[in-house]
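Trainee: Can we go through this one together? I'd like to hear how each label is earned.

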Amino acid sequence: MIRDARALAVALLLYGAFYCAFFYQSFSSGNYIAPSDSLDFGVAAYLSSPALWTQGMYSGYPIAADPQSLTWYPVIHLFRLAGLDWNLFLISAYVIASATCFLLVRRLTGSNLAGAFSGFAYGFSGVMLGHIGHFNQIHAAAWVPLALYGLHVIRTGHHRAGCAVAASGFALMWLAGHPQVPVYTAYLSAALIVGELFID
């Protein structure tokens, strides 16, 4: 597990450098990378102060209960505290997705090369690129490999550590503000567990 944590830290740094270079033109333009819902909801959620209630619509409503507000998502709070730009927050989903997929595949295969290739494949997958306008969907999808990694760690006999990692992955998916992704991941996880029990 300690080696996996080190590998994840290195992967986050290297994928972070890659995606900053890949999106350099967007960063240097000075504009927000915010197509579609990202402009309507994402940038507004990022720039506004965290609140439990808003008067912004009709007679007001509990904005903390709206998943799109990302009120409970720790990653957005880290980026705000660090004073980082919206563009970096949006791109961080790609870095997290690639790094966590690298970690999962490296654990399954024992190969850094397979892990690195898989990280790029997932980072450039349809769900990640096709939904760049849906900031909460890509942030939720970024944590899917971590949840699956945790389940695999449980299977290898490290029950407490695996449970903590899988629970963290699922929690971050829910808190990222797009409930559809964790529901689909729960179905996938159930199928994987049943398949692995059958294989074992």
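Mentor: Start with the elements: helices (H or I, at least four residues) and strands (E, at least two) are DSSP runs, numbered from the N terminus. By that rule the chain has 11 helices and 0 strands. Keep in mind that this is a predicted model, where local features need pLDDT of at least 70, side-chain atom pairs count only at pLDDT 80 or more, and totals for chains, interfaces and linings use all residues. Residues are numbered from 1 along each chain as its sequence is written, and side-chain values use heavy atoms, with hydrogens and water left out.

Trainee: What pattern does the chain follow along the sequence?

Mentor: It reads α-α-α-α-α-α-α-α-α-α-α.

Trainee: How do you know whether the radius of gyration agrees with a compact globule?

Mentor: Take the radius over C-alpha atoms and set it against the globule rule, 2.2 Å times the number of residues to the power 0.38. For 200 residues a compact globule would come out near 16 Å, and the chain has 17 Å, so the two agree. The C-alpha atoms fill a box of roughly 55 × 40 × 30 Å along the principal axes.

Trainee: And what share of the residues counts as buried?

Mentor: Buried means under 20% relative accessible area (1.4 Å probe, protein chains only), and 42% of the 200 residues make that cut.

Trainee: What makes something the second largest pocket here, and how much space lies in it?

Mentor: On a 1 Å grid over the protein atoms alone, a pocket is an open set of points where a 1.4 Å probe fits, with protein on both sides within 12 Å along at least five of seven lines; lining residues have an atom within 4 Å of a point. Volume is the space filled by probe spheres set on the points, which are joined across faces, edges and corners. That gives about 220 Å³ for the second largest pocket. Its lining includes Leu12, Phe79 and Ile96, and helix 5 gives the most, with 5 residues.

Trainee: Which class do most of those lining residues fall into?

Mentor: Ala, Val, Leu, Ile, Met, Phe, Trp, Tyr, Cys and Pro count as nonpolar, Asp, Glu, Lys and Arg as charged, and the others, Gly among them, as polar. On that count the lining has 10 nonpolar, 2 polar and no charged residues.

Trainee: What about the largest pocket's volume and lining?

Mentor: The largest pocket has about 380 Å³ and 19 lining residues, with Ala45, Ser48, Tyr61, Ile63 and Ser69 nearest its centre. Helix 3 (residues 37-47) gives the most, 4 residues. By class, this lining has 9 nonpolar, 7 polar and 3 charged.

Technical notes
Buried < 20%, exposed > 50% of the residue type's maximum accessible area, 1.4 Å probe, protein only.
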